[in-house]
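Please read the explanation below with the sequence and the 3D view side by side. The paragraphs take up a few places in turn, each of which can be found in the view by its residue number.

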Amino acid sequence: MSNYDLVIKNGTIITASDKYKADLAIKDGKIVEISSSLDAPNAYDASGKILIPGGVDVHTHLDMPFGGTFSSDDFQTGTKAAAIGGTTSIVDYAVQPQGKTLHETIDIWSEKANGKAVIDYGFHLAVTNLNENTRKELPQIINDGFPSFKVFMVYDGMRLDDRTLLEILQIAKDSHGLVCVHAENYDTINYRVNQLLKDGKTEPLYHAISRPQKCEAEATNRAIKLAEMSDAPIYIVHVSNREAADEIRKSRAEGFPTMGETCTQYLLLNEEYYKEEGFGGAKYVMSPPLRNKKNNALLWESIRSGDIQTIATDHCPFFMKQKELGKDNFTKIPNGAPGIEARMALIHHYGVNEGNISINKFVELTSTNPAKIFGMYPKKGTIAVNSDADIVVFDEDKEITISVDMLHENVDYSTFEGFKVKGYPVATFSRGELIAEDGNYIGKEARGKLIKRKNIEIL
Ligand code: URP
Ligand code: ZN
Ligand code: ZN
Ligand code: ZN
């Protein structure tokens, strides 16, 4: 009926719990009706396609300063790539510059996103300095719509010590916030790095050797124990391996509010990639590093058993030219890799098509759970009446070979080059607007809105 702004007809709706055929009516950016048959003259015809809630990527680094340079996707290029790939919300890490308050950090990140982002976005505040002022700001910021924080246990200039992590966990608990932790053991990395460099081992491969699995597992265990001391919720970001995932499992089994995220690359790539010829291994220099091949299957198991609740990207791209800052010393290679665009298709294909997870679990991991944990549900993360009309039309038969040539990320390689997928987003609606179709961004510029988040959920 012309009462609606848009009707999407004949699609099969997939949520974290259901699969059913229905028509969807949208008005003022929201889903207002779901019914077996809606009449509309100019409906979008989704015959033969599935409709999934827009992807929610809760771990991105757009326009982020790192290692003397900036990640190469800004909020314009990064969110357009996300939209084309079927992601309609992100939560980006706003890293507190030394000497700045948390409120100033929000202003700095708002300036990066405002006038650029084309999909909706939130910020996690990465706290790099806890002082009298920050202590006061944290509860305010939680109430202002930014209920999640990040603490880095590594990286000079960003890392916090255990005492400070403990204090932030306590503050977050008291104010109903959530602390996200990058867990690696700083001192053991430094010890190994010094030895490796002394022996002239400077190539990208040694990045991985300097940060072994146990270095991550130990720090994951330590961060979790600190959280358990305060019975504070904790969310471990970018869990790369089973040993670390098992620390989360043990804590959950004891009833603690402990959660974990993994990323596409830890499910699909492995440490052999560091041996790519020339300086190619630098593309995969990220922290934590890629692990052995057996680990991929083990992580899928941790997902199936519910030890890990979300799959994000940690999208943090750098051009090869930027990676070359570490040509002679792997510690100078900017850490991070792209992934925001192909996440949905890759997880669908290698998860669902390859029998690792169900189609509902795919939606849960990539959209529903991240929206719930980070206070965006049910506005984001599902297809339901009153939810934002963030809907992806997904063609399960469309075959694509992932390649830098077909992607829109602002970077000169893909770490998933040559990966074949069956199933790809063919249209993306954000708040009821068709913003991407068949690999092109067709929406308005700068249409993304800040998502004020509240009520983090413990899953
Ligand atoms: O290597 C990575 N992961 N770069 C991005 C920053 C972070 O640690 O999340
Ligand atoms: Zn405020
Ligand atoms: Zn990290
Ligand atoms: Zn990250």
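In this predicted model, D5 forms a salt bridge with K27, and the closest N and O atoms of the two are 3.8 Å apart. D5 belongs to the segment before β1 (6-14), whereas K27 sits in strand β2 (residues 19-27), so the pair ties together parts of the chain that are 22 residues apart in sequence. Both partners count as partly exposed, D5 because its relative accessibility is 49%, and K27 because its relative accessibility is 32%. This bridge belongs to a count that comes to 31 salt bridges.

Another of these pairs is formed by D120 and R431, whose closest N and O atoms are 2.7 Å apart. D120 lies in strand β10 (residues 120-126) and R431 in the loop between β17 (420-430) and β18 (433-437), so this pair ties together parts that are 311 residues apart in sequence. D120 counts as buried, because its relative accessibility is 2%, and R431 counts as buried at 14%. The two residues also take part in a network of salt bridges, in which K30, D120, K379, K380, D388, D390 and R431 are linked.

R431 deserves a second look for its backbone, since its phi is positive, at about 45°, although R431 is not a glycine. Most residues other than glycine have a negative phi. D63 is a further residue other than glycine with a positive phi, in this case near 55°. The place of D63 is in the loop between β6 and β7 (65-66), and D63 is buried, with a relative accessible area of 18%.

A third salt bridge joins the side chains of D438 and K398, with 4.0 Å from N to O. Here, too, distant parts of the chain are linked, since D438 is in the loop between β18 and β19 (440-441) and K398 is in strand β16 (residues 391-401), 40 residues apart. K398 counts as partly exposed, because its relative accessibility is 25%.

The model also contains zinc ions, and one may ask which residues of the protein are the donors of the zinc ion (ligand 4). They are H59 and H61, each through its NE2 atom, and D314 through OD, lying 1.9 to 2.0 Å from the ion. Along the chain these donors follow the spacing H-x1-H-x252-D. H59 lies in strand β6 (residues 55-60) and D314 in the loop between β15 (310-312) and α11 (320-323), so that the pair ties together parts that are 255 residues apart in sequence. Both H59 and D314 are buried. The site has four donor atoms with angles of 87 to 136° among them, and it is irregular; the reason is that four donors count as tetrahedral only if all angles lie between 85 and 135 degrees, while square planar needs opposite donors over 155 degrees apart. The zinc ion (ligand 3) is 3.6 Å from the zinc ion (ligand 4).

Two of the zinc donors just named, H59 and H61, are also in contact with K150. Leaving aside neighbours within four places in sequence, the contacts of K150 further include Y93, L125, A126, V127, C180, H182, V237 and H238. K150 is placed in strand β11 and is buried, with a relative accessible area of 1%. An unreviewed UniProt entry annotates K150 as "modified residue: N6-carboxylysine".

A further zinc ion (ligand 2) is coordinated by H103 through NE2 and by D144 through OD, at 1.9 to 2.1 Å. H103 is in helix α2 (residues 102-113), and D144 is in the loop between α3 (132-143) and β11 (148-152), so that the pair links distant parts of the chain, 41 residues apart. Are these two donors buried, partly exposed or exposed? H103 counts as partly exposed at 30% relative accessibility, and D144 counts as partly exposed at 33%.

The last topic is the peptide bond. Most peptide bonds are trans. A cis peptide bond, however, joins S287 and P288, with omega at about -5°, and P288 lies in the loop between α9 (264-268) and α10 (294-304). The peptide bond from Y377 to P378 is likewise cis, with omega near 5°, and P378 has its place in the loop between α13 (359-373) and β16.

Conventions
Residues are numbered from 1 along each chain as its sequence is written. Chains are lettered from A and ligands numbered from 1 in the order in which they are written. This is a predicted model: local features need pLDDT of at least 70, side-chain atom pairs count only at pLDDT 80 or more; totals for chains, interfaces and linings use all residues. Side-chain values use heavy atoms; hydrogens and water are left out. Donors are N, O and S atoms within 2.8 Å of the metal (3.2 Å for Na, K and Ca); water is not among the atoms, so sites may look incomplete. Four donors count as tetrahedral if all angles lie between 85 and 135 degrees; four count as square planar and six as octahedral if opposite donors are over 155 degrees apart and all others between 65 and 115; anything else is irregular. Helices (H or I, at least four residues) and strands (E, at least two) are DSSP runs, numbered from the N terminus. Buried means under 20% relative accessible area, exposed over 50%, partly exposed in between (1.4 Å probe, protein chains only). UniProt positions are given in the numbering used here, feature names are shortened, and annotations may be inferred rather than shown by experiment. Contact means heavy atoms within 4.5 Å.
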